[in-house]
Amino acid sequence: MTEVSIEKLTKSYGNARAVNAISMKIAEGEFISLLGPSGCGKTTTLKMIAGFEDVTEGAIRFDGQDVVNTPAEKRDIGMVFQNYALFPHMTVEQNLAFGLEMRKVPKPQMRERIAKVLDMVQLKGYEARYPRQLSGGQQQRVALGRALVIEPKILLLDEPLANLDAKLREEMRVFIRDLQRRVGITTVYVTHDQAEAMTMSDRVVVMFGGRIAQIGSPTDIYERPENHEVAEFVGQVNLVQAKVESVGEGTATVTSPLGDFTLPTKISVKPGNMVSLALRPEAIELSKATEGQPAATVLASYYSGALMDYRLKLDNGDELHAQTFPVNRFAEGDRVALHAPAERFWLVGVSK
Amino acid sequence: MSPGKTKGIGPYLLIAPAGLLLAVFLVLPYLNIGVMSFRVPGQGTPYGEGFTLVNYARFFADSFYIWQVVNTLWIGFLTTAICLVIGFPVAWQLTRPNMRFRGLAYGLVLSPLLVGIVIRSYGWTILLGNNGLINRTLTNMGLIDSPLPLMYNALGIIIALVHVFLPFMILPIMNGIQGIDPSLEAAARSLGASRTTAFRRIVLPLSMPGIQAGCILVFVLSLSAYVTPSLIGGLKVKTMAVTVVDALIDTFQWPFGSALALMLSVTGAVIVVIFGRMTRMKWKVA
Ligand SMILES: Nc1ncnc2c1ncn2[C@@H]1O[C@H](COP(=O)(O)OP(=O)(O)OP(=O)(O)O)[C@@H](O)[C@H]1O
Ligand SMILES: [Mg+2]
């Protein structure tokens, strides 16, 4: 098992910086996701770790050893590509054998390891098929098996589920996660799907424009986003205008249409400042309107099976998005009372 | 509904123009030649009354013709092999993403096609002749006493054919290499293959469809080449195509010429089919 440490890693294409001085430490056996919008430098970062892309500046260390000048084939990395990159002229078995042949593993041992991995990725009986004779999900698992059979130090995956349909994607998520836990391999997973990053990772690295915006556990990222961009990227978020009443030690007390709260704050505010209160849609609970509760009018409601989505209008004109279980249903025009626990709110800067 | 199961005449209408073209310019002439090859040789006319096997008997009876077919095939093989050896590296280089002067290089590859085949072949006679540029230069430099035999032999024909047909090798191979997903090479590298091994195990086998197409094209073109062998081979070395034209036009032996032409086509076709079988890619037809 291997610990990866990345220091001030930078990649420039001409004057443009695709990756801009990012640093992170990935612990042994950790599953870490690089999450960010298209073009933020996720693939470039992964390629530099793999050795397919030269490093402009900075260091990459595997267990303390700088590998920046080590060629790709010597880095001992298992890589799963977005388009799988299976060798079309080789059968499943030959695809799996390739990495072992490169390592000069003796034949009997090779067969044993291939059989073990085929079992792991649930592809027993498919040895003699060519990639084009497999479904997308099966190809995906061959790619995974091919990366794992060499027992690499590190597993890198670049949006491996992007080409699968929704249901298969969810199955594969769990599959990959369980497999990674069992094998205990240090894993870097690239995705622009926040749900994928959340469900699979020990920690998520959120990237924007070649920089790291936040590193943290899925809970940290979702419930305590460091800035508005992160909050918006990893889920929906409501912004409610609020006014700072008083400021304490690292806290601020605000009044808002949803009530008065005293919240921890990382931003510096003064009494009288207008700020935004952020709140996830699913943190809001609705009940029949009663006196003395913050209330809103239902503008629209959408039923999606497991959940109800409501578009609500506060009396000051602000709109809110709420997501609840479909136990109490409300119709358009209903007056509803809003409940949200104080710990689900956070302050995000002066409202625009 | 899958497109493969589409019913109706739509798809046939789409290929109708091509089919018509093939019928008129390929199938009909071949039928005509086939029938002609069984006609009785004429006396003073191109052909006589009735049908006979005498033309084929004459072909098989005379080892001269058999040898000519063999020689023609040899020239075709060698031309193809040399085109492949020269063409593959060029095609490979032209598909590298960081290739400089790609436009210029591409133009150079295509340049033989821009000049008419007669002019190109004539150009080679200027270079290869006993009084040609190469021999004169070598003599003037004192490297040789008597001119090297570069013309009126198979060597000269092959040199000129390679030049003329090289683009037909390079273009399909380029096409094939360009169709290879670059991440396959990356995948091979990450699995521990050096650049060379990745090339040998991944890129080369995957460019086989292009290599196959290029080889078949060049081979078939070499067999049927007329202008270049007749200009460079002169009266000394004749390929089958030249002999066929001689028979048809110079001596007006239409039936015998047709039989010769068919014998060449059939051997060529048999070889192409065998080659196709040998290089068949299981992973492609799957
Ligand atoms: N070879 C290259 N030459 C120039 N610019 C490049 C090159 N490769 C990537 N870039 C640029 O670097 C930036 C980051 O690219 P990268 O492929 O890492 O994005 P990504 O986060 O993986 O995006 P996606 O989610 O779309 O895959 C992009 O702006 C891209 O245009
Ligand atoms: Mg990418």
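**Questions on a two-chain model**

Student: Which helices are included in what covers the buried residues of α12(B)?

Tutor: The model under discussion is predicted. In helix α12 (residues 240-250) of chain B, the buried residues include B:Met240, B:Val242, B:Val244 and B:Ala247. The cover over the buried residues of this helix includes, from chain B, α2 (54-61), α3 (63-94), α10, α11 (227-233) and α13 (254-278).

Student: What phi does B:Phe252 take, just after α12(B)?

Tutor: Most residues other than glycine have a negative phi. B:Phe252 follows just after α12(B), and its phi is positive. The value is about 55°.

Student: Is A:Asp76 buried or partly exposed?

Tutor: A:Asp76 is placed in the loop between β5 (65-66) and β6 (77-80) of chain A, and its phi is near 60°, a positive value in a residue other than glycine. Its relative accessibility is 22%. A residue is buried under 20% and exposed over 50%. A:Asp76 therefore counts as partly exposed.

Student: A:Glu159 also has a positive phi; is this residue buried or exposed?

Tutor: A:Glu159 has a phi of about 40° although it is not a glycine. Its place is the loop between β7 (154-158) and α5 of chain A. Because its relative accessibility is 9%, A:Glu159 counts as buried.

Student: Which residues are in contact with B:Gln212, leaving aside its neighbours within four places in sequence?

Tutor: B:Gln212 belongs to helix α10 (residues 208-224) of chain B. Its relative accessibility is 17%, so B:Gln212 counts as buried. With neighbours within four places in sequence left aside, its contacts are B:Phe275, B:Gly276, B:Thr279, B:Arg280 and B:Met281.

Student: In chain A, what is the relative accessibility of A:Gln180?

Tutor: A:Gln180 sits in helix α5 (residues 166-183) of chain A. Apart from neighbours within four places in sequence, A:Gln180 is in contact with A:Gly29, A:Glu30, A:Phe31, A:Ile185 and A:Thr187. The residue counts as buried because its relative accessibility is 4%.

Student: How many Å apart in space are A:Glu7 and A:Asp309?

Tutor: A:Glu7 lies in strand β1 (residues 4-13) of chain A, where it is partly exposed at 34% relative accessible area. Not counting residues up to four places away in sequence, A:Glu7 touches A:Ile22, A:Ser23, A:Gly58, A:Ala59 and A:Arg61. A:Asp309 is 302 residues away in sequence, and the C-alpha to C-alpha separation of the two is 43 Å.

Student: How much area do chain B and chain A bury between them?

Tutor: Chain B brings 22 residues to the contact and chain A brings 24 residues. On the side of chain B, the greatest losses of area to chain A fall on B:Leu191, B:Arg201 and B:Trp283, which together account for 33% of what that side buries. Carbon and sulfur atoms carry 66% of the area buried between the two chains, which is about 2000 Å².

Student: Which residue of chain A meets B:Arg201 in a salt bridge?

Tutor: Two salt bridges are found across the interface of chain B and chain A. In one of them, with an N to O distance of 2.8 Å, the side chain of B:Arg201 meets that of A:Glu101.

Student: Which helix supplies the largest share of the side of chain B that touches chain A?

Tutor: Between chain B and chain A there are six residue pairs in polar contact. On the chain B side, α8 (182-190), α9 (195-206) and α14 (282-285) each supply at least two residues. That side holds 11 nonpolar, five polar and six charged residues. Its largest share, seven residues, comes from α8(B).

Student: Which residue holds the cysteine sulfur closest to that of B:Cys215?

Tutor: Zero disulfides are found over all chains. B:Cys215 counts as buried because its relative accessibility is 9%. Its sulfur is too far for a bond, being 8.9 Å from the closest cysteine sulfur, that of B:Cys83.

Student: What percentage of the residues in chain B is buried?

Tutor: Chain B contains 14 helices and two strands, and its C-alpha atoms fill a box of roughly 75 × 75 × 30 Å along the principal axes. Of its contacts between residues at least 6 apart in sequence, 67% join residues at least 24 apart. Among its 286 residues, the buried portion is 38%.

Note on methods
Residues are numbered from 1 along each chain as its sequence is written. Chains are lettered from A and ligands numbered from 1 in the order in which they are written. This is a predicted model: local features need pLDDT of at least 70, side-chain atom pairs count only at pLDDT 80 or more; totals for chains, interfaces and linings use all residues. Side-chain values use heavy atoms; hydrogens and water are left out. Contact means heavy atoms within 4.5 Å. Buried area is the accessible area (1.4 Å probe) that two parts lose on being put together, summed over both. A salt bridge is a side-chain nitrogen of Lys or Arg within 4 Å of a carboxyl oxygen of Asp or Glu. A polar contact is a pair of N or O atoms within 3.5 Å; within protein, one must be able to donate a hydrogen and the other to accept it, and residues adjacent in sequence count only if both atoms are side-chain atoms. Helices (H or I, at least four residues) and strands (E, at least two) are DSSP runs, numbered from the N terminus. Ala, Val, Leu, Ile, Met, Phe, Trp, Tyr, Cys and Pro count as nonpolar, Asp, Glu, Lys and Arg as charged, and the others, Gly among them, as polar. A disulfide is a pair of cysteine sulfur atoms within 2.5 Å. Buried means under 20% relative accessible area, exposed over 50%, partly exposed in between (1.4 Å probe, protein chains only).
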